[in-house]
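Please look through the sequence and the 3D structure below before reading on. The paragraphs after them go through some parts of the structure one at a time.

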Protein chains: 2
Amino acid sequence: MSDIAKAAGVSPMTVSRAFKADASVGKKTREKILKIAEEMGYVFDSTASNLRSQKSGFVAATIPSLNNANFADTVRGLNEAMRDKGLQLLLGYTDYNVENEERLIEQLLRRRPEAMVVTGGRHTDRARRLLLNASIPVVETWDLPEDPVGHTVGFSNADAMAQLVEHLHASGARRLAFIGGDDNGDTRGADRRKGFVSKARALGLEYRLVSLGAPPVSMREGARAMAELLDGDTQPDAVLCVSDLAAFGVLTECQRRGIDVPGEMMIAGFGAFDLAEISVPTLTTIDAHAYDIGARTGALLAEILRGDSPQDGAPSIMRIRPTLKVSRSTAAK
Amino acid sequence: MSDIAKAAGVSPMTVSRAFKADASVGKKTREKILKIAEEMGYVFDSTASNLRSQKSGFVAATIPSLNNANFADTVRGLNEAMRDKGLQLLLGYTDYNVENEERLIEQLLRRRPEAMVVTGGRHTDRARRLLLNASIPVVETWDLPEDPVGHTVGFSNADAMAQLVEHLHASGARRLAFIGGDDNGDTRGADRRKGFVSKARALGLEYRLVSLGAPPVSMREGARAMAELLDGDTQPDAVLCVSDLAAFGVLTECQRRGIDVPGEMMIAGFGAFDLAEISVPTLTTIDAHAYDIGARTGALLAEILRGDSPQDGAPSIMRIRPTLKVSRSTAAK
DNA sequence: GTGAAAGCGCTAACAA
DNA sequence: TTGTTAGCGCTTTCAC
């Protein structure tokens, strides 16, 4: 910057101001400075700027995995909301593991993000402490934590799945199976399974649970689980899955075996992936509005960070309403 | 840090060293310092560290979109390779647009990344200049640029698609159609189309091209394009798609119309998405080894950044060999 | 609208 | 093994 200052015959301070759109610099002076900077191939060093101004321009986010269209959609929503505000997303992948999450949160906090977005409402004690101590806005997403760390943009995974069970019951299903949602990291999946179990019980329905192994859930595992189920003694008349990917795997297994869907077997998934809307038959699913979760989180943070409320007032809870999308795969007989 | 120093009765410098695993500090001193730091809820400020040491610990990467399992896989491979080296990935999304890419590259360079990974080999002139001036290692991926900016980890999209055309020809297809690959941003898609056209010509095959609109390509658009094709005058006997997602959409359209695949219509995609391996029938595709592209890029950068070769020697070109995965959807009659 | 002085929180370089 | 000094490249603050 001082090189530019010399070349332009001004002080470094004026050069600094020339780069800020809202700073008061003579129009001609600014143009001259910017021109010289471009010619010199100068690239602003935000590292130094961040240190001095104590603002990193970062919003950090942890997500379980990128290889999941739902979380990718949330990130897209978040990113679009940040971009306009001149904020940069700093992403970390937890791989569905709260210990990884703790390490990641610590690592991300070292970069002094101005806000932190986490997926899910369950964390290690130390992770909670780190988030609380950071004195920056924190948003938990994709969940409705009992004891939120800060703000919340999410929904009850259990309630959403219960809604799906009701729909299947109303469509005539009596012997249900749930595929996925083991308690090995994916707390949202586990919550969905809980919601399934309690609603199935409440309605007096027969039900079975099939495990899938460690997340992320793949289509192939869904197919394998379905094969296991079909090779067993008692056959369900409807299968609910922790995600649409597993549900599609289930559908393909039915296709391979010549089982009619929904005639002989109803299938439902979760997440409203593109796949659910185009497969033959189309899959009944729950749309959790993944993009909106990101977009609303971004809007919330933009508002908090813009407003000069360093210690934000009351933590807000934005309830997302997951939508039941009924399709061919659960059409009543 | 100076607070911790006071509490521990040492100098700030010793505290600083205590946080570096390889620095020489008395074992007891270090333990004491780390304990005090944890109690005080201190979190290391890498902003300041980065400025002073002129090392950001960032590797920046631009990708067209996260909502694409291929790029997500590449990022995963890259991220895993970085993580162990204490490097952080800084991601930007270009949305398949070189002007966006230019803006993004400039923005990312302000963070002073230690290396830069870009998707594709075509950039605006200014973007090229920025990358060249940055004097950091640059890697172009998913392509084989004619005039590389720096290192390359990729393959020829045209050649890969030509390979697929040969396979279809050998399987008995004579009237081909290619769906996707318009020249509106997705240069890799456009290259695939070029490869298709030149090989189809070379083999003396009839062919048609169907556009899809702006990327990213979705399953639905594949289905729509196929409907358009089927409603036309001349019918192909094989359809090649710019991606597996479009190919799956094509398959569903055939299913809806009762067209037998591969009996009446062969289908092939690109990318080796999970979907291709599980759909009924399974889809013939090209595996570009997306994860490996990321992993090898990461390994390359780790090596360069570890080695004290600030100005790296000869730019390396890592050719990835895309693999033809033949499946049911193109089984010979 | 512009400039001078000071310093953000850490660490390179050197000294002990 | 530990400490001292200076400074990374910006921007805050205050002065003009």
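**DNA strand D**

A phosphate oxygen of DNA strand D is 3.3 Å from an N or O atom in the side chain of A:Lys20. This is a polar contact, which is a pair of N or O atoms within 3.5 Å; within protein, one must be able to donate a hydrogen and the other to accept it, and residues adjacent in sequence count only if both atoms are side-chain atoms. The model is predicted, so local features need pLDDT of at least 70 and side-chain atom pairs count only at pLDDT 80 or more, while totals for chains, interfaces and linings use all residues. Residues are numbered from 1 along each chain as its sequence is written, chains are lettered from A and ligands numbered from 1 in the order in which they are written, and side-chain values use heavy atoms, with hydrogens and water left out.

A:Tyr42 also has a polar side-chain atom 2.7 Å from a phosphate oxygen of DNA strand D. With B:Arg52 the atom is a backbone N or O, and it lies 3.2 Å from a base oxygen of this strand. In total, 23 residues surround DNA strand D, and the closest are A:Ser16, B:Thr14, B:Arg17, B:Gly26 and B:Arg52. A residue is near a strand if one of its heavy atoms lies within 4 Å of it. Of the atoms of DNA strand D within 4 Å of the protein, 61% belong to sugar or phosphate and the rest to bases.

Which elements supply this surface? H2 and H4 of chain A, together with H2 and H4 of chain B, each supply at least two residues. H4(A) gives the most, with four residues. Helices (H or I, at least four residues) and strands (E, at least two) are DSSP runs, numbered from the N terminus.

**DNA strand C**

Around DNA strand C there are 23 residues, of which A:Thr14, A:Arg17, A:Gly26, A:Arg52 and B:Ser16 come nearest. Sugar or phosphate accounts for 65% of the atoms of DNA strand C within 4 Å of the protein, and bases for the rest. A polar side-chain atom of B:Ser16 lies 2.2 Å from a phosphate oxygen of this strand, and one of B:Tyr42 lies 2.6 Å from a phosphate oxygen. The elements that give two or more residues to the surface near DNA strand C are helix H2 (12-19) and helix H4 (46-53) of chain A, and helix H2 (12-19) and helix H4 (46-53) of chain B. Here H4(B) gives the most, with four residues.

**Strand S6 of chain A**

Away from the DNA as a topic, consider strand S6 (residues 175-179) of chain A, where four of the five residues are buried. Buried means under 20% relative accessible area, exposed over 50%, and partly exposed in between (1.4 Å probe, protein chains only). S6(A) pairs in the parallel sense with strand S7 (residues 206-210) of chain A over five bridges; two strands pair if DSSP finds at least two bridges between them. A:Phe178 has A:Leu209 in S7(A) as its bridge partner. S6(A) also pairs in the parallel sense with strand S8 (residues 238-241) of chain A, over four bridges, and there A:Ala177 has A:Val239 as its bridge partner.

**A:Gly271**

A:Gly271 sits in the loop between strand S9 (266-268) and helix H12 (274-278) of chain A. Is A:Gly271 buried or exposed? A:Gly271 is buried, with a relative accessible area of 5%. A:Gly271 and A:Thr285 are 14 residues apart in sequence and 6.5 Å apart in space, C-alpha to C-alpha.
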